[in-house]
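Please open the model in your viewer and keep the sequence beside it, since this tour moves from one selection to the next and says what is found at each stop.

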Amino acid sequence: MSDVPTLLEMRSITKEFPGVKALSDVNLVVRAGEIHAICGENGAGKSTLMKVLSGVYPHGTYDGKIVYQGSESKFSDIRASEKAGIVIIHQELALIPGMSIAENIFLGNEPRKRGAIDWKAANRMALDLMARVGLEEDPDTLIKDIGVGKQQLVEIAKAFAKDVKLLILDEPTAALNEADSRHLLDLLRGFRSRGVTSIIISHKLNEIEAIADQITILRDGRTVETLDVKADGVDEDRIVRGMVGRELSSRFPDHTPKIGEVFFEVRNWNVRHPISADRQVCKNESFVVRRGEIVGFAGLMGAGRTELAMSVFGRSYGVYESGTIIKDGKEIVLKSVADAIDHGLAYVSEDRKAIGLNLLDDIKSSTVAAKLSKISHRGVLSEVEEYQAAEAYRKELRTKAPTVDENVGKLSGGNQQKVVLAKWMFTDPDLLILDEPTRGIDVGAKYEIYGIIQRLAEQGKGVVVISSELPELIGLCDRIYTVFEGAITGEIARADATPETLMKQMTSTKKMLTR
Amino acid sequence: MSRLKDLQKNLFGGTTSNARQFGMIFTLVAIVVLFQILTDGLTLRSDNLIALFQQNSYILILAIGMLMVIVAGHIDLSVGSVAAFAGILVAKSMTEWDLPWPAAIVFGLAIGAIIGAWQGFWVAYIGVPAFIVTLAGMLLFRGGNQYIGNANTIPVPEGFREIGSGFLPEFGPNTGYNNGTLLLGLVAALAVVWRELQARKTRRAMDADPAPMWVSILRMAVMVGVIAFAALRFASGRVGTSFPISGLILVVLVIAYSFYTRNTAGGRHIYAVGGNSRAAELSGVKLKRVNFFVMMNMSVLASLAGMIFVARSAASGPQDGNGWELDAIAAVFIGGAAVAGGIGTISGSIVGGLVMAVLNNGLQLMGVGTDRVQIIKGLVLLLAVAIDVYNKSQGRFSIVGSLMRPFRREDSVPPASPPDAEREPAKAAVSG
Amino acid sequence: MRKFFGTSVVAVGAAAMLALAGCGSGRDGDTGTKGEAKGFAANSLIGVALPAKTSENWVLAGDLFTNGLKDAGFQGEVQYAGASTTVADQQAQITALVTKGAKVIIIGATDAAQLSTQVAAAHQAGVKVIAYDRLITNTPDLDYYVAFDNFKVGQLQGQALLDGMKAKKPNGPYNIELFSGSPDDNNAGVFFNGAMDVLKPEIDKGNVVVASGQKDVKQTAIQGWKPEGAQARMDQLLTSTYGNKELDGVLSPNDTLARAILTSVKGAGKPTPVVTGQDSEVESVKSIMAGQQYMTINKDTRNLVKETINMVKALQAGNAPQVNDTKSYNNGSKVVDTFLLPPVAVTKANAAEAYATDPKLAPLTK
């Protein structure tokens with residue numbers, strides 16, 4: 001291996017924040033032309049390490065040495081690192097929705113002719129760059145009019161416009177569907193064959209296993225090990241072991257379902273799109289949930305699963321057209337979220353940062369936010385009860401935070417998700433709808449959240465899980481509905497559920513029932 | 001050493017908001033002391049303290065409403081115009097329609113409610129940004145004021161003037177002080193002690209060790225001392241003057257609204273909407289109702305402020321309300337509210353308003369012209385917010401917050417319950 | 001140890017409170033009558049509160065007060081109201097001057113009807129209040145008023161308007177338009193009434209015609225003395241009334257408005273009418289010398305300030321200040337003792353003579 005030249009070496013990097021050692025003595029060696037994966041649980045220090053590398057934390061604010069292309073680099077800011085050919089593509093895309101693809105690609109880097117932007121050249125170069133990343137669009141198309149997958153490609157094209165030598169991708173496939181993810185991974189392989197070095201940070205271990213040459217694993221701000229995928233015969237379990245520091249015997253906790261009677265039923269549910277009234281987002285959908293049952297909803301992105309869940313949850317999405325909800329044998333009408341909460345429904349949204357939590361709030365008040373009446377006496381909130389409730393859930397869900405006074409915005413994704421779960425468990429719901437409950441959450445926390453879901457079901461609650469990860473649905477759910485283009489296309493019992501059967505139902509309108 | 005740590009940890013609380021609040025109070029105290037020295041003791045003389053409260057109570061009342069509007073993620077530019085509009089109508093109602101003054105006050109509040117409902121309707125139910133709605137309102141009600149008043153100055157009767165320029169009455173034995181004010185101070189002091197004991201009880205209920213007894217006692221002694229000082233100052237004004245009625249109205253409002261925003265579901269909802277409106281909606285918060293309420297409430301308080309100003313000026317004039325919105329907004333932002341909403345406290349805004357008020361008053365006492373006063377106020381506003389923004393961008397909450405940070409990490413229990421520090425300015429307002 | 005600490009803290013707190021109680025004792029009574037006619041120290045603080053610095057006249061007055069009070073041995077302090085929150089500023093400034101222990105406060109009111117609370121507070125604190133140029137209304141606590149005879153100003157304006165028109169065109173009827181000042185300025189009405197005192201008989205005779213019919217003070221008022229308001233109103237009058245009529249004269253209450261009116265007339269391409277003015281502003285004196293504006297009033301601010309300071313001197317010595325009108329100025333609560341100064345009408349003909357002693361205006365008349 002020593003014959004392959006080293007592109008980057010980070011030597012015993014230590015980065016301290018007031019009171020917290022985010023990185024201690026971390027080493028990273030990236031060989032030229034490889035795909036190097038960095039794995040670790042949330043909070044392990046991956047992002048911090050990349051920020052050190054890209055100059056977000058300038059030289060002098062950390063200890064250690066960065067040797068890049070054979071000489072020590074002291075980046076003072078992002079511009080300096082970009083000049084050296086290190087480009088980082090963040091999970092949250094830095095694109096401007098109202099501007100065109102070409103404008104975005106050259107933002108801050110516009111080709112000029114006599115002081116003015118040379119749009120002819122820009123468009124020509126944009127087309128060239130877009131071809132390199134396999135993006136077939138008119139460069140004048142606005143960013144907001146293309147999908148997330150294509151937006152990701154624009155980001156990469158933007159990186160190439162800066163003459164990238166080392167491309168860093170932070171969770172590049174987190175928001176992408178299967179097809180787009182596959183395309184992206186192929187693209188990365190293509191770059192490798194053309195000598196571009198990539199660092200990829202991802203929670204999707206199967207992808208890492210498939211694509212990476214080397215894997216560096218971080219845990220609690222320290223380097224655990226660096227694995228050579230081919231030489232060491234690395235598989236997913238091996239990576240997980242390194243990340244969590246122990247063997248995870250199973251990805252799902254043990255659970256014996258105790259399924260009762262049907263208590264919740266949605267019949268002939270029809271909902272129209274909130275803006276374009278001719279678009280039907282829920283087409284005559286019907287489903288049932290039993291007590292103690294975990295019901296999955298599988299479907300491709302945009303299939304209408306979230307829309308269904310939110311429209312049932314107090315008509316918080318779209319325009320209600322027709323359909324009934326029956327709970328415990330009686331028809332109920334849920335005109336607002338407050339109605340839904342009063343009737344024992346809870347909805348954990350897929351995007352906890354955007355619509356699930358008030359990030360300015362502390363854990364305490366977030367926990368009780370959806371049912372303030374429970375801690376109110378004659379209209380006055382009891383701080384003691386608020387604290388006790390929050391503290392109880394913190395302990396029960398093992399939320400990692402110093403106190404319940406901590407801001408939720410400062411927590412890691414997994415812990416934020418636990419706060420959201422606590423918030424809805426606090427409302428003591430009969431039916432809990434979880435939309436992508438483990439998105440962006442690392443392996444260890446995932447396992448815990450599965451456990452919580454199962455415990456809720458064991459308490460006799462109905463749980464609905466919407467997920468894009470088929471193994472998660474198959475591992476967790478007792479029964480799975482498939483959704484395609486706003487209609488329920490199948491209902492599959494756990495025993496019959498395989499990725500293949502689900503995928504088939506998720507991509508066709510033909511109904512198939514196996515029970 | 002450990003005692004010092006104890007003190008730091010427990011006296012100022014540990015959460016960032018507490019630390020920030022402490023920073024604000026510290027700034028206020030520093031400015032007061034500075035001017036006390038620069039003006040040879042005029043600043044804290046009873047007649048000046050009384051004047052300070054009378055002059056600023058209406059702006060501080062506006063700041064209460066503005067804080068809620070800003071926390072909910074809106075802004076209200078129309079408060080000055082609404083105040084002027086309500087003021088002229090109330091003045092007219094008394095001089096031309098012979099309404100008795102108590103009825104006129106109710107009438108004024110009703111006008112505020114109607115205007116507020118109008119603005120709230122556009123903001124909450126139609127979804128027009130509050131900036132636009134209230135910009136329109138600013139023109140609308142300013143024009144209304146001029147249309148109704150013909151740009152004339154309309155005097156108001158004696159009884160009504162009390163709410164702007166009246167004082168607690170003189171009664172009881174001759175103690176050399178105003179007895180009403182002394183009584184008020186006593187009540188405030190008892191309230192402080194009661195709260196401190198209550199807080200200790202609360203902390204015990206939270207399974208947390210309360211602060212060491214001596215810290216509690218020190219804290220009580222400091223606050224009771226401040227209250228006693230202020231009460232004596234206000235009570236020893238010239239005979240006939242004492243704690244102003246307008247100040248009393250302000251104190252009642254501050255306590256009521258602090259309680260509302262902190263300890264009721266309705267108050268929580270305002271913060272939730274400002275912090276993340278979609279998340280709030282999905283938690284069962286009735287978004288439209290909250291938005292409607294904050295806008296309506298603001299206009300009611302604006303009309304109250306307008307009436308107090310008219311009462312103090314003994315007449316409603318065409319210049320009433322000019323520029324008030326800016327003073328109120330400045331107070332709220334100096335007091336630590338976030339421009340994007342979701343963050344801020346009533347007490348912070350009051351302290352922010354007082355910082356501006358003391359600055360204004362102190363500079364005037366020094367004979368600094370309004371031109372330079374405006375320059376200084378502008379710089380203070382910019383600096384206060386800039387320091388905050390800078391510190392946030394550095395990953396710290398504020399200078400004081402960062403000072404306090406080392407003490408925070410080492411205690412895993414919630415430190416001194418937040419209401420203490422939050423209420424401090426309210427208490428100070430009771431008396432001083 | 002701990003116990004000791006606790007008790008000591010309590011002791012310190014208690015001691016502090018006692019100390020505070022000690023220093024706060026002793027309340028002043030109503031000192032309003034105490035200092036009557038006894039005078040005060042010669043180096044006392046004399047406060048001057050003036051409106052916002054929007055007119056050169058107020059700035060000049062401020063400078064004159066600063067220097068004049070200093071020359072007289074007083075400690076003078078001049079404050080101007082801010083540009084936007086004028087009334088509230090002035091209220092706060094007056095209160096601050098009382099707090100600082102001013103013996104006399106001279107007020108050029110921003111809004112003459114909104115200061116009664118502050119004047120009352122000053123009075124109770126034993127401070128003498130002199131209304132400067134603008135009469136503060138609805139307060140029994142105002143002590144003196146110093147001003148130019150504003151009714152006379154109006155009369156002079158009215159007379160000059162008639163004279164000027166007659167000089168241009170020997171025989172009427174003359175078409176005129178009327179303008180008056182800001183309705184919140186007490187003086188505006190006085191000017192107008194003075195002018196109407198002269199013009200009304202002529203209008204009744206039909207010799208002078210207000211062609212637009214807008215004769216009421218409410219119709220003619222210009223809010224805030226704003227020139228753009230006057231210009232807009234003149235524009236409208238020209239379009240609505242003077243399409244095929246000739247405009248012979250305009251009654252304008254002051255120079256700023258007069259120039260705005262002339263701008264409007266010129267813009268409409270009409271011949272220059274006879275326009276009155278007041279204040280002897282530099283631009284207007286130039287305009288008069290150029291034959292545009294017909295007249296202005298010379299109210300020498302120097303004299304007004306001088307008389308005001310004379311009043312302060314008399315008060316200091318414990319004497320009653322000189323007044324020359326104890327009947328005409330009723331502010332709604334009482335008749336205020338007033339010292340009136342005579343104004344002078346200035347046209348091109350007597351400008352050189354009238355401004356002979358004015359270092360700024362004299363060169364313009366040559």
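Are α7(B) and α13(B) roughly parallel or roughly perpendicular to each other? Before answering, bear in mind that this is a predicted model, and then select residues 158–165 of chain B, which form helix α7, together with residues 287–313 of chain B, which form α13. The two helices pack at an angle of about 110 degrees, with their axes 7 Å apart. Because angles of 65 to 115 degrees count as roughly perpendicular, α7(B) and α13(B) are roughly perpendicular to each other, and their crossing is left-handed.

To see the residues that make this contact, display B:Phe160, B:Arg161, B:Glu162, B:Ile163, B:Gly164 and B:Ser165 on α7(B), and B:Met307, B:Ile308, B:Phe309, B:Val310, B:Ala311 and B:Arg312 on α13(B). Sorted by class, the residues of the contact of α7(B) with α13(B) comprise seven nonpolar, two polar and three charged.

Now widen the selection to the whole of chain B, whose secondary structure comes to 18 helices and two strands. Chain B has 432 residues, of which 62% count as buried. Among its contacts between residues at least 6 apart in sequence, 81% join residues at least 24 apart.

Next, bring chain C into view beside chain B. Of the two pairs of chains in contact, chains B and C share the most contacts, and this contact takes 45 residues from chain B and 45 residues from chain C. On the side of chain B that touches chain C, the elements to colour are α3 (46–71), α9 (213–235), α13 (287–313), α15 (346–365) and α16 (370–393) of chain B, each of which gives two or more residues. α9(B) gives the most to this side, with 11 residues. By class, the side of chain B that touches chain C holds 18 nonpolar, 22 polar and five charged residues.

Turn then to the contact between chains A and B, where 32 residues of chain A meet 29 residues of chain B. The elements of chain A that give two or more residues to its side of this contact are α11 (337–342), α12 (352–356), β20 (380–381) and α14 (383–397). This side of chain A has 19 nonpolar, 10 polar and three charged residues. If you look for a contact between chain A and chain C, there is none, and the closest C-alpha atoms of these two chains lie 28 Å apart.

Within chain A, select residues 46–54, which form helix α1. Eight of its nine residues are buried, so α1(A) is largely enclosed by the rest of the structure; the buried residues are A:Lys46, A:Ser47, A:Thr48, A:Leu49, A:Met50, A:Val52, A:Leu53 and A:Ser54. α1(A) is followed by A:Gly55, which has a positive phi near 85 degrees.

The last stop is a sheet of chain A, in which four strands form an open, antiparallel arrangement in the order β14-β13-β16-β17. β14 (280–290) and β17 (330–332) of chain A stand at the edges with a single partner strand each, so one side of each is left without a neighbour in the sheet. Neighbouring strands of this sheet are turned by 15 degrees against each other on average, direction ignored. At the β17(A) edge, β16(A) (residues 319–327) and β17(A) pair in the antiparallel sense over three bridges, and A:Ile325 stands opposite A:Ile332 in β17(A). Finally, add helix α10 (residues 305–312) of chain A, which packs on the sheet and touches β13 (262–272), β14 and β16 of chain A, its direction making about 70 degrees with that of β14(A).

Technical notes. Residues numbered from 1 in each chain as written. Chains lettered and ligands numbered in written order. Predicted model: local features only at pLDDT ≥ 70, side-chain atom pairs only at ≥ 80, totals over all residues. Contact = placed C-beta atoms within 7 Å. Nonpolar A, V, L, I, M, F, W, Y, C, P; charged D, E, K, R; others polar. Axes fitted to C-alpha atoms, helices over the stretch in contact; angles between N-to-C directions. Parallel < 35°, antiparallel > 145°, perpendicular 65-115°, else oblique. Left-handed = near helix turned anticlockwise from the far one by under 90°. Buried ≥ 20, exposed ≤ 12 C-beta atoms within 10 Å, placed from the backbone. Pairing = 2+ DSSP bridges.
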